[in-house]
Amino acid sequence: NREQKESTMVAKKSNAQIKRMMKRAEARGEKYVPPEPVEESENAEESSPKKTESSGTSTTAQKSNLSADEKAKLDAAVALEKDLEKIQNDESLKSKDRRSSKRKAEAIACEASGCASSSELLEWYEEFKNKQEQKGSSSNTKRQDRKKRNPYIVFIGQLAYDTSAETLFGHFQKELGAEHKVTVDTLKVRLLTNPKTKKSRGMAFVEVTDPELLYSCLKLHHTFLEGRRINVERSAGGN
């Protein structure tokens, strides 16, 4: 049940989120009923530390300074990452069923987080994790440098799980080399991996500093790489 999944992903939704979800449900010809707020029982309070230990990503410390919308994004991103990993590791699924399961998981995450797309949510989540790791170091300086460079980012999906960052870079270099100077300085690949297994999740972000190169990258949408027709889309978090 979609509503049951959403209510488990996000314990409390802001008014803005509820309005967005009601509009999306209305567009589908459905009716969205916000979940009733659940009072935490003593048992729930006792069990919450155990859940925190088993899932090191979403912790009380990480959420302490977040707004309601950011907490919703974090919960949705963590749940989406787990769902995608589960789908990836389910060898009983056929390719069509796997794609369908991914789309459903992404749709649920988008509604729960209020993001327009799963790539926007994952981009936000990557940035969030980077900020957590950089706290207490030179995070402010790096963020300022990033803004000065004005990077442009595209999201790459449907990659084969054994496709490496080097292979993906080579694909862009081969296809765009005639029009642009594609080097490790002008095009950087960030392969999304499972934090525990370090294996690819079949997705990546490609960052370029030249807007013309960015739009050339978008022309590689639905090109073939290692037997897979890849998706190349502009990331909402690119500017």
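**View 1. A positive surface patch in the predicted model.** In this predicted model, Lys96, Arg99, Arg103 and Arg229 together form a positive patch on the surface. Helix α6, which covers residues 95-113, supplies the largest share of this patch, with 3 residues. Lys96 is placed in helix α6. Its relative accessible area is 63%, which is over the 50% cut-off, so Lys96 is exposed.

**View 2. Ala109 in helix α6.** Helix α6 also contains Ala109. Is Ala109 buried or exposed? Ala109 has a relative accessibility of 1% and therefore counts as buried, since buried means under 20%. Lys73 is 36 residues away from Ala109 along the chain, and the C-alpha atoms of these two residues are separated by 8.3 Å.

**View 3. Strand β1 and its surroundings.** Strand β1 consists of residues 152-157. Of its 6 residues, 6 are buried, so the strand is largely enclosed by the rest of the structure. The cover extends to both faces of β1. On one side, Tyr152, Val154 and Ile156 are buried; on the other side, Ile153, Phe155 and Gly157 are buried.

**View 4. The pairing partners of strand β1.** Which residue of β3 stands opposite Ile153? The residue is Glu207. Strand β3, residues 200-208, pairs with β1 over 5 bridges in the antiparallel sense. Strand β6, residues 231-234, is also antiparallel to β1 and is joined to it by 4 bridges. Here Ile156 of β1 has Val232 of β6 as its bridge partner.

**View 5. Gln158 in the loop after strand β1.** Gln158 belongs to the loop between β1 and α9, the latter covering residues 165-176. Most residues other than glycine have a negative phi. Gln158 is not a glycine, yet its phi is positive, at about 65°. Its relative accessibility of 24% lies between the cut-offs of 20% and 50%, so Gln158 counts as partly exposed.

**View 6. Glu226 in the loop between strands β4 and β5.** What is the phi of Glu226? The value is about 50°, a positive phi in a residue that is not a glycine. Glu226 sits in the loop that lies between β4, residues 224-225, and β5, residues 228-229. With a relative accessibility of 45%, Glu226 counts as partly exposed, because exposed means over 50%.

Note on methods: Residues are numbered from 1 along each chain as its sequence is written. This is a predicted model: local features need pLDDT of at least 70, side-chain atom pairs count only at pLDDT 80 or more; totals for chains, interfaces and linings use all residues. Side-chain values use heavy atoms; hydrogens and water are left out. Buried means under 20% relative accessible area, exposed over 50%, partly exposed in between (1.4 Å probe, protein chains only). Helices (H or I, at least four residues) and strands (E, at least two) are DSSP runs, numbered from the N terminus. Two strands pair if DSSP finds at least two bridges between them. Patches are made of residues with over 30% relative accessible area and no salt bridge: like charges are joined within 9 Å, nonpolar side chains (Val, Leu, Ile, Met, Phe, Trp, Tyr) within 5 Å. Accessible areas come from the Shrake-Rupley method with a 1.4 Å probe; for residues, only the protein chains shown count as cover. A salt bridge is a side-chain nitrogen of Lys or Arg within 4 Å of a carboxyl oxygen of Asp or Glu. Lys and Arg count as positive and Asp and Glu as negative; His and the chain ends are not counted. The place of a charge is taken as NZ of Lys, CZ of Arg, CG of Asp or CD of Glu.
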